[in-house]
Amino acid sequence: MPDLKRVHYTTGQLLTAADFKAEQDYHREHRQRLRAARLGPGVITGLDLSKTGPAIVKLAVGIAIDNLGRELHLIDARNIDFGTAAGRTAVGVEASGEALNGEYLVTLSHAEIDDPADKLTIGGVVSTARKTERPKLKLQKLSSGWQETTGPSDGLNLRLGVLGYDLASNQLSLVFSVLRDRSSHRLDSQFPALAVTGYSSLVGGVGVGGAVDASNAFAVTGNSTFSGTVNVNQELNLRSSLYVNNGSSAPTLLVTCNSIAARLYTLKNGSSFPPIVLQEGSQSGNVGIGTNAPTAKLHVAGTLRVDGAKTGYVVDHFVNRIGAPVEVGDVVVIGADQPVFHFGVRDTIPVPEVDYASGSYDSRVCGIVCEVVADLVDADDSDEARAAAADTAAIKPARKAAAKKKAAARLGMRALQGERLLAAEVGVVQSGQVGLMVTLGAFAHCKVDADIAPIKAGDLLTTSPTPGHAQKVLDRGAAIGAIVGKALGSLKKGRGLIPVMVMLQ
């Protein structure tokens with residue numbers, strides 16, 4: 001950019017037209033450089049497009065600045081009449097016939113014209129006494145649609161919007177009326193920082209820090225900071241990580257909704273994977289991965305892989321149809337009617353019926369009662385049937401078939417939630433309910449009978465004649481296949497509860 005020079009006047013100096021032009025150029029250049037640096041190129045106010053006829057769009061009055069800092073003042077509204085050859089020629093469109101179909105970028109640029117009223121004749125030479133600054137309105141045919149307009153602007157031809165024309169119906173439509181170059185300082189006090197409006201059947205988009213993505217209404221390239229609340233009324237699609245920090249030491253992502261559940265779907269290459277479901281309601285608060293009807297605090301429908309240590313005991317479901325309740329610490333054996341029903345992906349998890357352990361060295365031993373989790377119900381009212389009904393239309397055919405098969409089973413289970421869960425005695429599984437039994441790991445409660453033989457930590461335990469109780473192994477040969485686990489506590493006599501390491505073998 002060259003240095004600015006101003007005319008230096010001296011007494012008796014002969015001034016020519018070039019000197020007066022240099023005087024004008026000095027002041028104009030000063031203003032233009034300041035505007036270009038301070039405001040940046042784009043629309044300052046007005047210059048909105050609106051449809052006023054089948055093939056007519058009006059450009060409202062307004063002001064803009066190009067990247068050289070030149071002001072573009074449109075003092076009279078202009079009509080873009082695409083239905084006539086003269087109207088098209090006025091905006092630089094020379095095509096005809098079918099070639100007119102397509103989309104056009106509307107631009108405004110700086111231009112100077114010679115107004116006939118300002119003509120001047122001196123010595124037979126025709127000149128112009130004034131130069132009129134009148135912005136040039138032009139339509140540019142887009143060969144591949146509006147996506148061509150999403151790159152950087154040249155700053156000289158300011159983009160005002162995109163129009164679409166259909167020759168058969170002689171209709172000129174607004175594809176985007178706000179896909180435009182905007183100055184960093186608008187005069188409209190109520191104008192939002194960012195706005196996008198979609199027209200016709202196309203989806204509008206706005207890009208921040210990058211090109212507009214046709215598949216998204218709002219695309220941000222780079223880091224963004226939001227101070228305050230961000231409301232997403234429908235979908236929030238993430239192609240990378242979402243980090244939520246509420247300013248405390250415990251970042252929180254809060255998802256709320258008015259429906260039964262809030263769903264977070266994972267997408268890859270356009271395919272929908274099973275959802276992560278955050279179930280609504282303070283009484284449940286269950287999280288489901290791969291299921292729309294989670295029945296536990298974390299319900300994973302499918303294979304769970306953990307690369308690292310696992311702590312705590314392992315449990316399996318069982319059905320109590322003894323006719324009497326079983327409670328935490330009861331040692332149970334596999335019942336005669338097997339299995340009651342199946343559940344899980346492809347119905348691969350059978351749920352057995354159990355009975356009290358009531359004989360010594362019973363090889364049917366299968367675990368220690370832990371807690372109640374569900375009611376035994378007809379298949380049509382089960383969680384499996386409800387999950388099938390809640391599944392999305394995009395569910396895979398194999399999962400649909402499995403869900404249908406589950407619903408056709410004799411019985412199923414419905415998790416205890418809400419008031420039913422609050423009213424239940426967690427450690428008691430009534431007849432007709434589904435419970436959990438510990439089948440592996442350290443568990444704090446196992447009923448034992450030490451009157452048969454004193455028990456100390458490390459002793460092997462097996463079933464006993466006392467219903468629901470274990471005893472110390474006295475005959476290792478008879479105990480093969482009937483071992484409950486190892487005692488982690490001691491009891492010299494009587495009946496009671498001790499901690500055990502459950503290891504069925």
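Here are a few worked exercises on the predicted model shown above.

**Exercise 1. Work out which strands of the sheet E2-E3-E6 sit at its edges, and how E3 is joined to E6.**

Step 1: Start with the layout. This is an open sheet of 3 strands, and the pairing is antiparallel.

Step 2: Look for strands with a partner on one side only. Those are E2 (49-53) and E6 (78-81), so they are the edge strands, given that strands count as paired when there are at least two bridges between them.

Step 3: Check the twist. From one strand to the next it averages 30 degrees.

Step 4: Now zoom in on E3 (residues 56-59). Its antiparallel pairing with E6 runs over 4 bridges. If you want a landmark, find Val57 and look across to Ile80 in E6.

**Exercise 2. Do the same for the sheet E1-E4-E5: which strands are its edges, and what is the average twist?**

Step 1: Again you have 3 strands in an open sheet with antiparallel pairing.

Step 2: E1 (42-46) and E5 (71-74) each pair on one side only, which puts them at the edges.

Step 3: The twist averages 15 degrees from one strand to the next.

Step 4: For the contact between E1 and E4 (residues 62-65), count 4 bridges, with the strands running antiparallel. Val43 faces Ala64 in E4 here.

**Exercise 3. Find the strands that E25 pairs with, and pick a bridge partner in each.**

Step 1: Take E25 (residues 331-334) and compare it with E29 (residues 365-378). They pair in the antiparallel sense, over 3 bridges. Val332 has Gly367 as its bridge partner in E29.

Step 2: Turn to E28 (residues 353-356). E25 and E28 also run antiparallel, joined by 3 bridges. This time, go to Ile334: its bridge partner in E28 is Val354.

A reminder for both steps: strands of a sheet pair through backbone hydrogen bonds, either parallel or antiparallel.

**Exercise 4. Leu47 and Asn170 have positive phi values; are they buried or exposed, or in between?**

Step 1: Place Leu47. You'll find it in the loop between E1 and E2. Its phi is near 60 degrees, and Leu47 is not a glycine.

Step 2: Use the cut-off. Buried means under 20% relative accessible area. Leu47 comes out at 0%, so it is buried.

Step 3: Move to Asn170, in the loop between E13 (158-166) and E14 (171-176). Phi is near 50 degrees, another positive value in a residue other than glycine.

Step 4: The relative accessibility of Asn170 is 29%, so it counts as partly exposed.

**Exercise 5. How many disulfides does the structure have, and are Cys366 and Cys446 buried or exposed?**

Step 1: Recall the chemistry. A disulfide is a covalent bond between the sulfur atoms of two cysteines.

Step 2: Search the whole structure and you get 0 disulfides.

Step 3: Check the two cysteines. Cys366 has 8% relative accessibility, so it is buried. Cys446 is at 0%, so it is buried too.

**Exercise 6. Which residues make up the nonpolar surface patch that includes Leu15?**

Step 1: The members are Tyr9, Leu15 and Phe20, and together they have about 290 Å² of accessible area.

Step 2: Locate Leu15. That residue lies in the segment before helix H1 (17-38).

Step 3: Check its exposure. Leu15 has 31% relative accessibility, so it is partly exposed.

Terms used
Residues are numbered from 1 along each chain as its sequence is written. This is a predicted model: local features need pLDDT of at least 70, side-chain atom pairs count only at pLDDT 80 or more; totals for chains, interfaces and linings use all residues. Side-chain values use heavy atoms; hydrogens and water are left out. A disulfide is a pair of cysteine sulfur atoms within 2.5 Å. Buried means under 20% relative accessible area, exposed over 50%, partly exposed in between (1.4 Å probe, protein chains only). Axes are lines fitted to C-alpha atoms, for helices over the stretch in contact, and angles run from 0 to 180 degrees between N-to-C directions. Patches are made of residues with over 30% relative accessible area and no salt bridge: like charges are joined within 9 Å, nonpolar side chains (Val, Leu, Ile, Met, Phe, Trp, Tyr) within 5 Å. Accessible areas come from the Shrake-Rupley method with a 1.4 Å probe; for residues, only the protein chains shown count as cover. A salt bridge is a side-chain nitrogen of Lys or Arg within 4 Å of a carboxyl oxygen of Asp or Glu.
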